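Student: I should like to work through the packing of helices and strands in this structure. May we begin once it is displayed?

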Amino acid sequence: MASDFPTSARVVIVGGGVMGVGLAYHLGHEGWGADTVLLEKAELTSGSTWHAAGQITHSTSSFGLGKCVDYNIGLYSGALEAETGQPVTWHGCGSFRLAYTEDEMDWLRHTLSVGRALGFNIELVAPRRVAELHPFYNLGGVLGALHTPDDGHVDPTNVTMAMAAGARQKGVRIFRRCQASNITQRRNGEWVVETSQGTITCEHVVNAGGTYARQMGEWSGLQLPMTSMTHHYFVTEPVPEFQDFDRELPVIRDDKKVSGYIRMEQKRGLIGIYEKTNPNSVWHDHCPWEYENWLFDADYDRVMPWLEESLNRMPIFADLGLQRDVHGAISHPPDGNPLIGPAPGVQNYWCCCGTQIGIGWGPGLTRELARWMVHGAADISMREYDPRRFGSYATKDWQVVKAEEDYCLRHEIPFPHFNRLAGRPIKPSPLYETLKEQGAVYEEVYGFERPRWFAQGGVAQKDHYSFNRTVVDDLVAAEVQAVREAVGIMDVTAFTKVLVQGPDAYELLDRLTGNRMPQKVGAITLTHMLNRLGRIELETTIVRMGQDQFYLVCAAFFEQRLLDHLSQSRGEADVTVTALSESWSALALNGPRSREVLMDCTQTDLSNAGFRWLSAQKIEIAGHSAWALRMSYAGELGWELHMPNAACLEVYNALWGAGIARGITNYGSFAMNAMRMEKGFKGAGELTNEVTLAEADVLRFAHQDKEYLGKEQTLNSDLPWVCTYLEIEPDGRSDGHGGEAVYLGGEVVGATSSVAYGPTVGKILAFAYLKPEAAQPGTELTVLIHGVPRVAKVLGQPAYDPDSLKPRQDVLVSA
């Protein structure tokens with residue numbers, strides 16, 4: 001063991017690329033610098049970081065990621081060098097993203113709206129403006145471009161070394177040539193990191209291993225889904241036209257023709273390509289430990305169509321040779337988003353890996369991870385990055401299939417509700433084939449296949465992508481109408497379903513939830529679990545199935561978060577937690593005729609007297625036992641029916657048969673979302689780790705006469721923003737997709753979180769986080785949708801059935 005090598009620390013980070021060093025830097029700024037150690041097996045940046053092209057852009061439609069990118073550009077363009085004295089070689093040349101089709105233009109219009117909400121310097125421009133700033137690019141066929149003049153590129157090694165200097169200034173100790181060989185956890189919760197320089201124990205361990213991260217996770221029994229994909233960029237010989245050029249050209253992102261980017265590299269040209277066919281994945285089992293600053297030989301055959309087109313687009317490169325090729329490996333998770341946050345099923349093991357764009361995204365995301373580790377929550381929504389968004393279904397073979405799919409989509413239009421189809425189905429429900437035969441178009445949520453909508457009347461049974469309204473909206477409106485006027489049935493098997501039981505089950509759940517726990521067997525409570533900052537971890541429905549038995553239902557992607565929250569909060573409580581999501585199915589039956597349908601299938605008294613609203617009973621349907629929950633996310637009379645998988649198909653068939661004469665219709669998640677918006681029900685887009693109950697305007701679901709985790713922070717938090725319900729003027733063409741800027745008197749006062757057209761009320765409805773002064777009912781606002789201002793108004797009550805009379809009705813529709 002080296003004489004200065006520590007034997008203990010609060011935090012040990014394994015990996016010295018931009019992600020690991022970025023986290024060390026930000027832990028230092030959050031006050032943990034003196035207690036943090038970073039280990040790197042070779043030299044800093046010697047993995048994927050050193051060969052990055054280093055571009056960064058404000059052109060992103062992700063609201064949370066946009067916050068990170070803006071922070072990163074500010075850091076690179078001056079703040080980091082001013083703090084550390086280390087040069088970062090920032091090139092603030094700006095950039096353009098080109099559009100050749102109306103679909104691409106719609107994407108840019110939506111990105112413009114998100115950028116305006118975030119206060120970016122961003123503009124949609126005509127081709128002539130591109131030509132003014134970049135006179136060498138062939139703009140044939142270009143309709144327009146998104147101009148982000150504050151963008152640029154940075155030297156990856158310099159910026160990482162500067163953050164390392166900043167980390168050391170805050171007390172972080174960095175050990176190079178120190179290869180970790182194992183990470184295990186002791187029974188007392190401490191982590192043990194074995195290295196070539198000695199063994200070190202710590203409270204928190206961070207996997208920042210880059211292309212080694214997956215195999216590092218296996219040391220600790222973890223399945224961290226990511227695959228190494230190889231990516232090319234090429235540097236030309238010196239360009240004669242650049243030699244006397246007095247400024248640096250903007251970066252060009254050409255998604256359609258080049259499938260990548262083109263920029264200046266000093267007086268040379270640089271061309272980066274993400275080929276759309278035959279992607280190359282490597283190291284399916286493990287990345288060789290001896291690899292350092294490793295590059296692969298160029299595969300020109302694979303990239304040639306796009307390389308040739310890049311020369312057509314930059315004719316001044318056509319007669320030049322390629323002086324350098326860079327073909328390196330980069331980590332790709334199954335959905336393209338990094339793994340940033342807690343590893344599933346363990347405590348204080350943090351992921352800081354799986355990042356395909358480390359320079360562009362890294363510092364902002366590592367700042368949020370540092371805040372999460374130190375304070376208990378990040379300041380942006382981490383749902384897209386939380387490693388627990390994947391389950392055990394994410395096998396190695398599946399990871400490769402999805403990573404290759406993601407690579408090919410890197411420079412495709414990110415349409416709303418884009419459906420990634422590779423490697424599916426992986427967790428079909430018992431109704432998968434039955435509903436598929438009836439026209440179901442599926443989406444994947446936490447591995448489950450859930451119907452989105454049902455193809456009818458000759459409409460193709462496939463996704464119809466657009467930023468505008470399509471024929472699908474008409475079918476969704478018909479599904480909504482059927483639920484509102486008759487009865488609809490939906491397969492909601494994808495819901496997380498967890499049973500918590502034991503002598504201490506009530507006490508455990510009571511101290512983790514803000515609302516009053518269900519007191520009687522069969523009672524139902526809607527409540528929220530918070531973290532120690534008083535921010536929302538998740539929303540869940542709790543059903544009391546027995547004296548010491550509670551059934552929890554929540555959104556599919558919260559399953560592992562819920563399991564971890566229960567496990568890490570239980571202490572010595574005598575409680576058993578059982579995940580039922582894969583062994584139980586669920587159906588939602590909604591609409592004014594739902595009681596009639598269910599009455600034909602059970603002997604249970606379904607009247608208000610026999611089965612009150614917001615209560616649950618075990619009933620018999622088609623010879624099977626099921627738990628019936630009288631509740632409705634659609635805002636209608638309705639029940640959710642939860643049962644073992646073996647019962648699902650027969651129960652569905654019985655309900656369908658009873659519903660034929662009553663106009664029963666299948667419906668999917670698109671219709672469900674439209675109906676919840678009409679009812680003003682908040683969803684996952686509103687209830688995030690960014691906000692408290694008060695900010696989300698759901699404080700009514702917390703009782704202040706009880707103690708619960710996060711209560712003090714909830715009650716004492718300021719209100720910089722509040723979740724507000726809006727109606728927006730429709731134009732019959734586009735409705736918005738979330739993240740759009742909201743204005744009051746010409747000033748940006750917030751952004752939308754969810755937007756949907758409500759076909760029953762004929763209005764676009766939205767939730768938006770706004771400054772409190774803009775959130776008063778009746779306030780007139782403007783929402784920027786696809787770059788066009790729309791008139792909006794704050795609503796003080798739900799647009800549909802504001803008094804919630806329909807779920808409580810006790811009158812049969814038919815005689």
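The following exchange takes up helix contacts, a strand and a barrel in this predicted model.

Student: How is helix H1 (residues 18-29) oriented relative to helix H5 (residues 156-169)?

Tutor: The axes of H1 and H5 come within 8 Å and cross at roughly 30 degrees. Angles under 35 degrees count as roughly parallel. The orientation of H1 to H5 is therefore roughly parallel.

Student: How many nonpolar, polar and charged residues are in the contact of H1 with H5?

Tutor: H1 passes H5 in a left-handed crossing. From H1, the residues Val18, Val21, Gly22, Ala24 and Tyr25 meet Thr160, Met163, Ala164, Gly166 and Ala167 of H5. By class, the residues of this contact of H1 with H5 are seven nonpolar, three polar and no charged.

Student: How are H1 and helix H8 (residues 358-375) oriented to each other?

Tutor: H1 and H8 pack with their axes 8 Å apart, at an angle of about 45 degrees. Angles under 35 degrees would count as roughly parallel, and 65 to 115 as roughly perpendicular. H1 and H8 are therefore oblique.

Student: Which classes of residue make up the contact of H1 with H8, and how many of each?

Tutor: The crossing of H1 past H8 is right-handed. Val18, Met19, Gly22, Leu23, His26 and Leu27 in H1 take part, and their partners in H8 include Gly358, Gly362, Arg367 and Val374. The contact of H1 with H8 has ten nonpolar, five polar and one charged residues.

Student: How many charged residues are in the contact of helix H11 (residues 471-485) with H16?

Tutor: H11 and H16 pack with their axes 9 Å apart at about 65 degrees, and H11 passes H16 in a right-handed crossing. Val472, Val476, Glu479, Val480, Val483 and Arg484 in H11 meet Phe670, Ala671, Ala674, Met675 and Glu678 in H16. The contact of H11 with H16 has eight nonpolar and no polar residues, and its charged residues number three.

Student: Are the residues of strand S23 (residues 487-491) mostly buried or exposed?

Tutor: Val487, Ile489 and Asp491 point one way from S23, while Gly488 and Met490 point the other way. Residues of both groups are under the 20% cut-off in relative accessible area. Five of the five residues of S23 are thus described as buried.

Student: Which residues are the bridge partners of Ile489 in S33 and of Asp491 in S29?

Tutor: Three bridges join S23 to strand S33 (residues 664-666), and these two strands run parallel. Four bridges join S23 to strand S29 (residues 584-590), and this pair runs antiparallel. In S33 the bridge partner of Ile489 is Asn666, and in S29 the bridge partner of Asp491 is Leu587.

Student: In what order do the six strands of the barrel follow one another?

Tutor: The pairing within the barrel is antiparallel, and the strands close in the order S34-S37-S36-S35-S38-S39. On average, neighbouring strands of this sheet are turned against each other, direction ignored, by 40 degrees.

Student: Which residue in S39 stands opposite Leu784?

Tutor: Strand S38 (residues 780-785) and strand S39 (residues 788-794) run antiparallel and are joined by six bridges. Opposite Leu784, in S39, stands Pro789.

Student: At about what angle does helix H16 (residues 669-678) run to S36?

Tutor: H16 lies across three strands, namely S34 (722-728), S36 (747-758) and S37 (763-770). Strands S34, S36 and S37 belong to the barrel. The angle of H16 to S36 is about 125 degrees.

Conventions. Residues numbered from 1 in each chain as written. Predicted model: local features only at pLDDT ≥ 70, side-chain atom pairs only at ≥ 80, totals over all residues. Heavy atoms only, no water. Pairing = 2+ DSSP bridges. Axes fitted to C-alpha atoms, helices over the stretch in contact; angles between N-to-C directions. Contact = heavy atoms within 4.5 Å. Parallel < 35°, antiparallel > 145°, perpendicular 65-115°, else oblique. Left-handed = near helix turned anticlockwise from the far one by under 90°. Nonpolar A, V, L, I, M, F, W, Y, C, P; charged D, E, K, R; others polar. Buried < 20%, exposed > 50% of the residue type's maximum accessible area, 1.4 Å probe, protein only.
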